[in-house]
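Student: Could you take me through one part of this model in close detail? I'd like the open sheet and whatever packs on it.

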Amino acid sequence: MGSEAPLSAPKIIDAKGNDEEAESDDHPQIPGWFAEHCPIWPGEAHFLKVDNICFQGKSQFQDMLVFQVRRYEQFRIPIFRVIDDGVELQTLTYGKVFVLDGALQLTEKDECSYQEMMTHLPLCSIPNPKKVLLFGGGDGGILREISRHSSVKHIDICEIDTMLIDVYKKYFPDIAIGYKDPRVQLHVTDGTLFLKSVAKGTYDAIIVDAFDPIRSDHELFETEFFELISKALRPGGVLCIQAESFCGVIGFLLCSTEGPHVDFRNPVNPIGPENYGVSRYPLKYYNSEYHSASFCLPSFAKRTKAKSTA
């Protein structure tokens with residue numbers, strides 16, 4: 001899976017930009033701290049104090065880093081821990097963190113908010129989903145959440161990087177537990193090639209967690225990828241894809257094909273805390289009330305939407 005290695009000592013850049021070697025878009029760095037370096041968000045940096053580095057390596061496709069965040073009492077938040085006779089409430093900070101090509105992907109603290117919403121917003125909006133396709137999502141968290149739906153009979157996942165899967169299974173077992181669902185079939189292949197082999201109307205739902213949609217130059221936008229997704233969905237089938245942040249929180253884009261009407265705001269396939277699937281924990285974030293509330297927009301976003309419609 002790659003060799004473990006210490007982080008190189010970062011260079012501290014003067015706030016006035018006096019470092020002659022530094023370029024204007026460089027992120028400031030402090031020894032012992034991780035600074036997210038993501039060029040699509042210029043002018044800002046996110047720092048986390050590193051307790052220890054668990055893994056650092058490079059696959060054929062990308063660089064990977066797993067580290068533990070140093071614990072500080074005032075920042076501890078509640079989590080669940082499995083014990084012999086049930087579930088015990090514990091606390092920690094961000095826990096372990098996964099970084100891909102310098103961009104923070106998830107933390108043990110808050111991965112549930114992303115995984116649960118991206119899964120249950122589409123699957124709770126249609127009755128009895130039976131066949132689901134996932135692109136990306138190699139960490140296994142979305143698989144874990146799909147497993148909570150007993151109506152689902154088959155789950156396909158397309159993930160090109162097997163090293164990424166192995167790293168998640170080793171360092172994030174409560175997330176990668178999704179791979180233990182017997183309904184899951186892993187396809188190590190390009191997503192577009194896979195879709196070309198899929199019969200029309202195969203899936204009730206498709207979830208795309210494979211790339212950052214804020215990158216308008218991404219190669220997927222220049223292919224027939226989304227046309228193929230539309231063909232692979234049954235009438236009234238749904239697509240969920242990350243839509244980045246437009247008002248301070250993560251956003252998702254939900255779409256449906258022509259056919260039976262889909263009312264995304266009001267879940268017709270509710271899921272409760274008793275639905276565990278292969279997970280060892282109940283739902284931590286999603287519920288039916290929050291499902292409906294997530295479609296409410298702040299005033300500035302409503303104004304932007306009105307102008308766009310006009």
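Tutor: Some bookkeeping to begin with: helices (H or I, at least four residues) and strands (E, at least two) are DSSP runs, numbered from the N terminus. By that count the chain has 8 helices and 13 strands. Keep in mind that this is a predicted model, where local features need pLDDT of at least 70 and side-chain atom pairs count only at pLDDT 80 or more, while totals for chains, interfaces and linings use all residues. Residues are numbered from 1 along each chain as its sequence is written, and side-chain values use heavy atoms, with hydrogens and water left out.

Now the sheet. Two strands pair if DSSP finds at least two bridges between them. On that basis, 5 strands form an open sheet in the order 1-2-3-6-7, with antiparallel pairing. The edges are strand 1 (33–35) and strand 7 (103–107); each has a single partner strand, so one side of each is left without a neighbour in the sheet. On average, neighbouring strands here are turned by 40° against each other, direction ignored.

Zoom in on strand 3 (residues 63–69) and strand 6 (residues 96–100): they pair in the antiparallel sense over 5 bridges. One residue to click on is L65, whose bridge partner in strand 6 is V99.

As for packing, helix 3 (residues 162–171) lies across strand 2 (47–58), strand 3, strand 6 and strand 7. Helix 3 runs at about 130° to strand 2. Here contact means heavy atoms within 4.5 Å, and axes are lines fitted to C-alpha atoms, for helices over the stretch in contact, with angles from 0 to 180 degrees between N-to-C directions.
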